[in-house]
Amino acid sequence: MQNFEFHNPTRIVFGTETISKLDTLLPASARVLILYGGASAQANGTLDEVKAALGQRHVEEFAGIEPNPTFETLMRAVEQVREQKLDYLLAVGGGSVIDGTKFVAAAVPFEGDPWSILEKHGRNVTTALPFGSVLTLPATGSEMNNGGVVTKKAIHAKLAFSSSHTFPQFSILDPTRTYTLPPRQIANGVVDAFVHIVEQYLTYPVQAKVQDRFAEGLLLSLIETGPEALAHPQDYDTRANLMWIATLALNGLIGAGVPQDWSTHMIGHELTALHGIDHARTLAIVLPASLHVRRDAKHAKLLQYAERVWQIHDGSENERIDQAIEKTRTFFEQMGIATRLPDYQLDAESIDVIVAQLEAHGMTQLGEHRDVTLTTSRRILEAAL
């Protein structure tokens, strides 16, 4: 097992009717900006409940944070915070809203060009406004980690950042808030969480038995829970399990002391930035192709994945790996998510532009061995046709 430091300061408040606890979670004197996405937070009553729970505090709102939040939109929120002298942020939504709120929290006190926060992946962040979240979509784990991803439309760039200063102080997780989500968003959330786990698990063995078993347990639970979440949208226990799995998938626990990959995400980000494909759907395109192309480097863990997650015991080693990759693809498709570039009207001619964007953004040595070169990325994209 590799050396590691693990620290996660985010307080989780989980269960029904927990939004009412906001009054005890924020300072009484806080001047609050509520950040959210579209009309759903208003239509389902969540926004009104949040405002009621905040009591007599000074509260302003900022709406319109997109899926894959954009730098351009978030900078408007930064200006609002500065102009109105607000001092506490509250994200109400899914991972995109929380990611965007993290950026706003870092950008408000930042001296210099806020885009450099993304260019330097958060290494230049020295302080941030305090913030919390009310999670309405289980997917990204952003509610309990310090990372985010922001897109700059003007240059088709989607970049990740993280900082010790951008952990939420708290996150409220009420599974009933997911009951009205469209099936597409639930499916996306399942696949997003699945790939988050795989990026930390499917690398190479370092005898991290605890982390491996945690990851495998989460994957098994997700394989069971994902289809149930689509079939029974208002089953509390199903939605509660899905919400907690997605949080644990990326709160740092299963990634402590193990090598991590994240090349599927980096390639997927370019597909989103260029073509507007949902983040989770880009992961479903890239992951099976990546596992196929990189099967030699991941050989030992792929066999472990085949045996422990998919209960594949028969056949040669290569046959078992083939079956595990195919079962992964089938699971994504069972969730209603297509896994090939042509399913999204992309063909071989689109690959050159994607590879050029990877090069432009410095994504030339990806993966746990730093051996996913531009040539390898091209092979992965070709395998996704």
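**Exercise 1. Decide whether Glu-216 counts as buried or exposed, and do the same for Arg-213.**

Solution.
- Begin with the accessibility of Glu-216 in this predicted model: the relative value is 3%.
- Buried means under 20%, so Glu-216 counts as buried.
- Now take Arg-213: at 51% relative accessibility, and with exposed meaning over 50%, this residue counts as exposed.
- Next, look at how the two side chains meet: Glu-216 and Arg-213 form a salt bridge, with 3.5 Å from N to O.
- Finally, place the pair: both residues lie in helix 8, 3 residues apart, or about one turn of the helix.

**Exercise 2. Find the salt-bridge partner of Arg-82 and work out why the two are about one helical turn apart.**

Solution.
- Search around the side chain of Arg-82: the partner is Glu-79, and their closest N and O atoms are 3.3 Å apart.
- Check the helix: Arg-82 and Glu-79 are both in helix 4 (residues 71–84), and because they are 3 residues apart there, about one helical turn separates them.
- Then compare each value with the limits: Arg-82 has a relative accessible area of 32% and is partly exposed.
- Glu-79, at 33%, is partly exposed as well.

**Exercise 3. Which parts of the chain does the salt bridge between Glu-368 and Lys-298 tie together?**

Solution.
- Start with the contact itself: the side chains of Glu-368 and Lys-298 meet in a salt bridge, 2.9 Å from N to O.
- Locate the two ends: Glu-368 is in the loop between helix 14 (351–360) and helix 15 (374–383), while Lys-298 is in the loop between helix 11 (279–293) and helix 12 (299–308), so the pair links parts that are 70 residues apart in sequence.
- Look at burial: both Glu-368 and Lys-298 are buried.
- Widen the view: Asp-261, Arg-294, Lys-298 and Glu-368 are joined into one network by salt bridges that share partners.
- For context, a search of the whole structure finds 16 salt bridges.

**Exercise 4. Describe the surroundings of strand 8: its side chains and the strands it pairs with.**

Solution.
- Sort the side chains of strand 8 (residues 170–173): Phe-170 and Ile-172 point one way, Ser-171 and Leu-173 the other way, and all are buried.
- Take strand 1 (residues 11–14), which pairs with strand 8 in the parallel sense over 4 bridges; here Val-13 stands opposite Ile-172.
- Take strand 5 (residues 131–135), also parallel to strand 8, with 3 bridges; here Leu-135 stands opposite Leu-173.

**Exercise 5. Which residues have the most contacts inside the largest nonpolar core, and which helix gives the largest share?**

Solution.
- Read off the core: it has 67 residues, and Phe-194, Tyr-305 and Trp-310 have the most contacts inside it.
- Assign the residues to helices: helix 7 (residues 183–201) supplies the largest share, 10 residues.
- Look for another core: a second, separate one has 35 residues, including Val-108, Leu-129, Phe-161 and Leu-173.
- Return to Trp-310: leaving aside neighbours within four places in sequence, Trp-310 is in contact with Phe-194, Ile-223, Tyr-305, Ala-324, Lys-327, Thr-328 and Phe-331.

**Exercise 6. Place Val-258 in the fold and list its contacts beyond four places in sequence.**

Solution.
- Find the segment: Val-258 is in the loop between helix 9 (236–248) and helix 10 (263–275).
- Check its cover: the relative accessible area is 9%, so Val-258 is buried.
- List the contacts: Val-258 touches Gln-2, Gln-200, Val-206, Ala-208 and Gln-211, not counting residues up to four places away.
- Compare sequence and space: Val-258 and Phe-4 are 254 residues apart along the chain, yet their C-alpha atoms are separated by 8.5 Å.
- Follow Phe-4 to the surface: with Met-1, Phe-6, Val-210, Phe-214 and Leu-253, Phe-4 makes a nonpolar surface patch of about 570 Å².
- Pick one member: Phe-214 lies in helix 8 (residues 209–231) and is partly exposed at 41%.

**Exercise 7. What is notable about the phi angles of Glu-17 and His-121?**

Solution.
- Recall the usual case: most residues other than glycine have a negative phi.
- Inspect Glu-17: phi is positive, about 55°, although Glu-17 is not a glycine.
- Place Glu-17: this residue is in the loop between strand 1 and helix 1 (22–25) and is exposed at 63%.
- Inspect His-121: phi is positive here too, near 55°.
- Place His-121: this residue is in the loop between helix 6 (115–119) and strand 5, and at 30% it counts as partly exposed.

Note on methods: Residues are numbered from 1 along each chain as its sequence is written. This is a predicted model: local features need pLDDT of at least 70, side-chain atom pairs count only at pLDDT 80 or more; totals for chains, interfaces and linings use all residues. Side-chain values use heavy atoms; hydrogens and water are left out. Buried means under 20% relative accessible area, exposed over 50%, partly exposed in between (1.4 Å probe, protein chains only). Contact means heavy atoms within 4.5 Å. Two strands pair if DSSP finds at least two bridges between them. Patches are made of residues with over 30% relative accessible area and no salt bridge: like charges are joined within 9 Å, nonpolar side chains (Val, Leu, Ile, Met, Phe, Trp, Tyr) within 5 Å. Accessible areas come from the Shrake-Rupley method with a 1.4 Å probe; for residues, only the protein chains shown count as cover. A salt bridge is a side-chain nitrogen of Lys or Arg within 4 Å of a carboxyl oxygen of Asp or Glu. A nonpolar core is a set of buried Ala, Val, Leu, Ile, Met, Phe, Trp, Tyr and Cys residues joined through side-chain atoms within 4.5 Å.
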